[in-house]
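Colleague: I'd like to learn how to read a few features off a model. Could we go through them one by one?

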Amino acid sequence: MELVCEVGEIAPRMLDLRIMTPLAQEIFKKLDILRSCKRNAKPGSEQPAGCLFADSQYGKSEAIKMYIETRVVDDCFARGLFPIGTPREDVVKQQKLVLHVSLPENTSIPAMLMWLLTELGDPTPASGTVPQQVYRAHKLMKRLGAELIVFDEVNHLKTPKSMASATEEEAHTVHNHLKGLLIKGYPIMFIGIPDAEEKLFREKQIKRRMMYRVKPRVLVYECDVDKEIFLDFCSDLSISLVEKGIMEQYSDFQSDDILACLFDASAGLLGGVFRIVWNAAELAFDDGSRHIHLRHLSEAVDNVAVGVFCNANPFASLETDEKEAA
């Protein structure tokens, strides 16, 4: 791919990066099980649910996107749902096997169903009462062969504080409608930050249907396996920067000192590393560098990580040591 010509080209290319990790593979496994259960069950049989509650920048949403772009698109071609040669990005947009519904802030039940209907291609997703929306969603999912609903950012779901102030549609609880989708035969994967778990499981009717939980893996640098996962991600990130034409040369994210600093600066979150490197790539472009240097990483940590992922910049002492050595 040709090198970027302006700094504004870096962001879209960074957002287009996809790096497979063991953390993503564990999510893939649970999604596969839920879809297989749907395919092999009798029509209309109640389905189980799955969940992943992990910190922001864990890579939850990216894993879902990557799953659809790879596993689901491949399934669509294998089943003849799209002609061979159809651009993969078109299949991602048009496929209905896995419905990825990302919920905006303060999402009510009618709004949740509206976004589900939007994913299903309903021409008037906001119209009708809640029961009418549920009915249309059920008919569309059945006709289109939907195998899984992924409700992302479920921490944005809201429940009326009092039944007296709720509208007729809102008078039904979030839990009853989510349970209703499972009972009608559609497995659901719930994705959100840890705070969402308490909200979603406030009533046990959903919790008791939760069969496939992805346990978030908190990376520990002193653990050899975890360190290897982190190192592999950083190495792949360096390679991807060149493949995407963001950097001309490979950047050193693998040496012991830099790797340790990246881990501390990102709190061991792969999404945190990604954001640091994204900003560092823009800084490197601005000063005409062919790869990301230590100074770019340090400035990027000050810009996007301190106060977010870490309390202090771990690269500061490393920069001082480098200057003294010079």
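Modeller: Sure, let's begin with bends: the bend at a residue is the angle between axes fitted to the seven residues ending there and the seven starting there. Helices (H or I, at least four residues) and strands (E, at least two) are DSSP runs, numbered from the N terminus. One caveat up front: this is a predicted model, where local features need pLDDT of at least 70 and side-chain atom pairs count only at pLDDT 80 or more, while totals for chains, interfaces and linings use all residues. Residues are numbered from 1 along each chain as its sequence is written, and side-chain values use heavy atoms, with hydrogens and water left out.

Colleague: Where is the kink in α3 centred?

Modeller: On Ile-68, with an angle of about 30°. The expected span of a helix is 1.5 Å times one less than its number of residues. With 19 residues, α3 reaches 26 Å from first C-alpha to last, close to the expected 27 Å. After α3 comes Gly-80, with a positive phi near 75°.

Colleague: Which residues of α3 are buried?

Modeller: Buried means under 20% relative accessible area, exposed over 50%, and partly exposed in between (1.4 Å probe, protein chains only). In α3 the buried ones include Lys-60, Ala-63, Ile-64, Tyr-67 and Ile-68. An α-helix has 3.6 residues a turn, so residues three or four places apart point the same way. With contact taken as heavy atoms within 4.5 Å, the buried residues of α3 pack against α2 (22-40), β1, α4 (88-94), β2, β3 (148-152) and β4 (188-192).

Colleague: Which phi does Gln-57 have, although it is not a glycine?

Modeller: A positive one, about 75°. Gln-57 is in the loop between β1 (49-53) and α3 (60-78), and is partly exposed at 23% relative accessible area. Asn-106, also not a glycine, has a positive phi of about 55°. Its place is the loop between β2 (98-102) and α5 (109-119), and Asn-106 is exposed, at 53%.

Colleague: How many aromatic pairs does the structure hold?

Modeller: Five. Rings of Phe, Tyr and Trp (its six-membered ring) pair if their centres lie within 6.5 Å; planes under 30 degrees apart count as stacked, over 60 as edge-to-face and the rest as tilted. Phe-151 and Phe-190 are stacked, because their centres are 6.5 Å apart and their planes at 25°. Phe-151 sits in strand β3 and Phe-190 in strand β4, 39 residues apart. Phe-151 is buried at 1% relative accessibility, and Phe-190 is buried at 0%.

Tyr-221 and Phe-263 make a tilted pair, 5.1 Å centre to centre with 55° between the planes. Tyr-221 is in the loop between β5 (210-213) and α10 (224-243) and Phe-263 in helix α11 (residues 256-266), so this pair ties together parts 42 residues apart in sequence. Ring pairs also link Tyr-221, Phe-230 and Phe-263 into a cluster.

Colleague: How many disulfides does a search of the whole structure find?

Modeller: Zero, taking a disulfide as a pair of cysteine sulfur atoms within 2.5 Å. For Cys-37, the closest cysteine sulfur is in Cys-51, 16 Å away, so it is too far for a bond. Cys-234 is in no disulfide either, with the nearest cysteine sulfur, that of Cys-261, 12 Å away. Cys-234 is buried, at 0% relative accessible area, whereas Cys-37 is partly exposed at 27%.
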